[in-house]
Amino acid sequence: MSEQIPPLATAGSVPPDPDRPSPLQRTGPTPGVAAAPSSRSPRGLLHGASGRNIGLVIALAVLCAVGVATAGDRFASLDNVMTILRLAAVIGVLSIGMTFVITGGGIDLSVGSVLGLASVWATTLATQTMAQDTHWIVMVLTALAVGTVCGLVNGVLIAYGQVVAFIATLAMMVGARGLAEVIANRQTQIVEVRPFLDVFRAEPLGVSVIVWIFVVVAVAGWVLLNRTTFGRRTLAVGGNPEAARLAGIRIRRHTMYLYAISGLTAGIAGVMMLARTTAGSSTNGQLYELDAIAAVVVGGTLLAGGRGTIVGTVFGVLIFSTLTNVFTQNNLSISAQSVAKGAIIVLAVLLQQRFAARSRSN
């Protein structure tokens, strides 16, 4: 065997030190170039998703402080906290589905009407009779099926029919509300299936079932968006559809799935509405789509798509629910509430634009 001879150092050179990185391996900052803030540094935390969430927490804390200062024990009582959570639950579930659609670069104006249609269809005489003869789950499955089918219709029209999302979902909003009025004959349908009410009006651990449903849907949405391939594809489709197509993502099919998820969450919210009101009505969920979009935008999801946050959406829902409760506790008018909500939405959009411009400049 021949012995390997190490390379000789040239005259005046320094033998290489194995513990010293080569020039190509050095990772220090380049002279004249400012280093980007680290995600572990305080400055980095304030510029990322954590910074946005911290801002939402501060906003929620300020609202709670205002509520305590103006309403005292009436606001800070446990019963009032549960009221805020119950108020947030239905809008919150709708907002989770809306987060997926907006993150994927779309919009869904029909979720409120689909909620109303699902609540009406699940409380028809035929559905309730079948539920009494078999099991109350029939009502739940009916609401979920109605919501999912409406979402699929939206998805097919938008993805394969090339209809603009705004127009397709606007048509569904009008059509679903009209169909609900026809089915219910403009009357309120009372829930007569007692086991259904016993289950969904219970309070395990002192917390309403509809609040637990909101928690479960939020956790499932977070996992789906942040820990699965489906979530990564959603971000890609919303950020750059053409690049996503070139990467092998089936844009049309994925878009259809996003609207199906939005419809499914509308069906779930319809079941929750039945538990809250014990009645199906064509007026259920009226203008809820606007509240859901507002919560998603305030939470930090970009309206242009490509960035979504379930945690931010949950905080956005809680902020609006707390704001409504503060105004109610102080006997302020609904008009004042609307003005405050509008101001918050405008401020959130302006902050989004500022952060987007800053990220482009960096």
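Start by selecting residues 54-72: the end C-alpha atoms lie 25 Å apart, and the span is 95% helix and 0% strand. Keep in mind that you are looking at a predicted model. Now select residues 84-103, where the chain is 100% helix and 0% strand, with end C-alpha atoms 27 Å apart. Both stretches come from the UniProt entry, an unreviewed one, which lists them as "transmembrane region" along with others, including 136-157, 256-275 and 287-320.

Zoom out for a moment and show the whole chain as a cartoon. You should find 16 helices and two strands. Of the 362 residues, 43% count as buried. Among contacts with a separation of 6 or more, 76% join residues 24 or more positions apart. Switch on the surface if you like: the accessible area is about 19,400 Å², and 64% of it belongs to carbon and sulfur atoms.

Next, go inside. The largest nonpolar core has 67 residues, and the members that touch the most others are Leu94, Phe100, Phe196, Phe200 and Met272. Helices that each supply at least two residues of this core include α4 (78-103), α9 (194-200), α13 (251-277) and α14. Click on Leu94 and show its neighbours: leaving aside residues up to four places away in sequence, Leu94 touches Val111, Leu115, Thr265, Ala266, Ala269, Tyr288 and Ala292. There is also a second, separate core of 15 residues, with Ala88, Val298, Leu318 and Leu323 among them.

Two of Leu94's partners, Tyr288 and Ala292, are buried residues of α14, so select that helix next. Helix α14 covers residues 288-299 and reaches 16 Å from its first C-alpha to its last, close to the 16 Å expected. Colour by accessibility and you'll see 10 of its 12 residues buried, including the run from Ala292 to Gly299. Just after the helix, stop at Gly300, whose phi is positive, near 115°.

Finish with the rings. Which residues do ring pairs link into a cluster? Show Trp136, Phe196 and Phe200 as sticks. Trp136 and Phe200 are edge-to-face, 5.5 Å centre to centre with 90° between the planes. Trp136 sits in the loop between α6 (125-133) and α7, while Phe200 is in α9, so this pair ties together parts that are 64 residues apart in sequence. Phe196 and Phe200 make a tilted pair, 4.8 Å centre to centre and 40° between the planes. These two are four residues apart in α9, about one helical turn. Trp136 is buried at 19% relative accessibility, and Phe200 is buried at 10%. Phe196 is buried too.

Technical notes
Residues numbered from 1 in each chain as written. Predicted model: local features only at pLDDT ≥ 70, side-chain atom pairs only at ≥ 80, totals over all residues. Heavy atoms only, no water. Expected span 1.5 Å × (residues − 1). Buried < 20%, exposed > 50% of the residue type's maximum accessible area, 1.4 Å probe, protein only. UniProt positions renumbered as here; feature names shortened; annotations may be inferred. Contact = heavy atoms within 4.5 Å. Areas by Shrake-Rupley, 256 points an atom, 1.4 Å probe, with all protein chains shown as cover. Core = buried A, V, L, I, M, F, W, Y, C linked by side-chain atoms within 4.5 Å. Phe/Tyr/Trp six-rings, centres within 6.5 Å; stacked < 30°, edge-to-face > 60°.
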